[in-house]
Amino acid sequence: TEYVPEIKKFIQTIIDKGLAYESNGSVYLDISAFKARGHDYRKLRPGGDTTADEMAEGEGALAGEASEKRHPNDFTLWKKSKVGEPEWKSDWGMGRPGWHIECSVVASDILGPVMDVHAGGSDLKFPHHDNELAQSEACFG
């Protein structure tokens, strides 16, 4: 997309704040570090980590993939591309934006870093909207 350079900068800001980490060419939001800084995750359903059943429903087949995540609730900001997938060069290797990151980057570019209203289907509360909130707070908070 035309926003890949901005996406990479957004992710690097989160890494620089110590709230994301690179693992084998992918970058993940570090939920433990995020919570340790006083942020809530998941904001749309406060009070605990995501269950294995919720993760399986929200991430589908990706929930069962072998992972180098530090915590099961950490989520992808940048994904190392598999053969045949779209890919862009980054400091972390060839890859592509995570599922949620483009929404945060485009919205903040157009509307600024604080948005009071965000609409979308209730079926996207988790993981999409929760993860958009977390990565935006990690970048701007």
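**Fold, core and a loop contact in the predicted model**

The chain exposes about 7800 Å². Carbon and sulfur atoms supply 53% of that area. The model is a predicted one. The chain has 141 residues, of which 42% count as buried. Five helices and four strands make up its secondary structure. Along the sequence these elements run α-β-β-α-α-β-β-α-α. Among contacts with a separation of 6 or more, 65% join residues 24 or more positions apart.

The largest nonpolar core contains 23 residues. Ile 11, Ile 14, Leu 29 and Leu 77 have the most contacts inside this core. Two or more residues each come from H1, strand S2 (26-29), helix H2 (31-36), S3, helix H4 (101-111) and H5. H1 gives the largest share, five residues. Ile 14 illustrates the packing. Neighbours within four places in sequence aside, Ile 14 is in contact with Leu 19, Ala 20, Leu 29 and Leu 77. The list for Ile 14 also includes Gln 135, Ala 138 and Cys 139. Two of these partners, Leu 29 and Leu 77, are themselves among the core residues with the most contacts.

Aromatic rings were examined next. A pair of aromatic rings is described by the distance of the centres and the angle of the planes. The structure holds four aromatic pairs. One of them is formed by Phe 10 and Phe 140. This pair is edge-to-face, with 5.6 Å centre to centre and 80 degrees between the planes. It links distant parts of the chain. Phe 10 belongs to helix H1 (residues 4-16), Phe 140 to helix H5 (residues 125-140), and the two are 130 residues apart. Phe 10 counts as buried because its relative accessible area, 5%, is under 20%. Phe 140 has 38% relative accessibility and is therefore partly exposed.

Tyr 21 and Tyr 28 form another aromatic pair, and this one is tilted. Their ring centres are 5.7 Å apart, with 35 degrees between the planes. Tyr 21 is buried at a relative accessible area of 5%. Tyr 28 is also buried, at 3% relative accessibility. Tyr 21 has a charged residue over its ring as well. Arg 70 lies over the face of Tyr 21, at 3.9 Å from the ring centre.

Tyr 21 also takes part in a contact with Glu 68. Glu 68 sits in the loop between helix H3 (52-59) and strand S3 (75-80). With 40% relative accessibility, Glu 68 counts as partly exposed. Beyond its neighbours within four places in sequence, Glu 68 is in contact with Tyr 21, Ser 23 and Asn 24. Glu 68 and Ser 23 are 45 residues apart along the chain, yet their C-alpha atoms are separated by 6.2 Å. The side chains of Glu 68 and Asn 24 are joined by a polar contact of 3.3 Å.

Asn 24 lies in the loop between strand S1 (20-23) and S2. The polar contact with Glu 68 thus joins side chains from two loops. Asn 24 is partly exposed, at a relative accessible area of 47%. Its backbone is also notable for a positive phi, near 55 degrees, in a residue other than glycine. Most residues other than glycine have a negative phi.

Definitions and conventions
Residues are numbered from 1 along each chain as its sequence is written. This is a predicted model: local features need pLDDT of at least 70, side-chain atom pairs count only at pLDDT 80 or more; totals for chains, interfaces and linings use all residues. Side-chain values use heavy atoms; hydrogens and water are left out. Buried means under 20% relative accessible area, exposed over 50%, partly exposed in between (1.4 Å probe, protein chains only). Contact means heavy atoms within 4.5 Å. Accessible areas come from the Shrake-Rupley method with a 1.4 Å probe; for residues, only the protein chains shown count as cover. A polar contact is a pair of N or O atoms within 3.5 Å; within protein, one must be able to donate a hydrogen and the other to accept it, and residues adjacent in sequence count only if both atoms are side-chain atoms. Rings of Phe, Tyr and Trp (its six-membered ring) pair if their centres lie within 6.5 Å; planes under 30 degrees apart count as stacked, over 60 as edge-to-face and the rest as tilted. A charge sits over a ring if NZ of Lys or CZ of Arg is within 6 Å of the ring centre and within 35 degrees of the ring normal. A nonpolar core is a set of buried Ala, Val, Leu, Ile, Met, Phe, Trp, Tyr and Cys residues joined through side-chain atoms within 4.5 Å.
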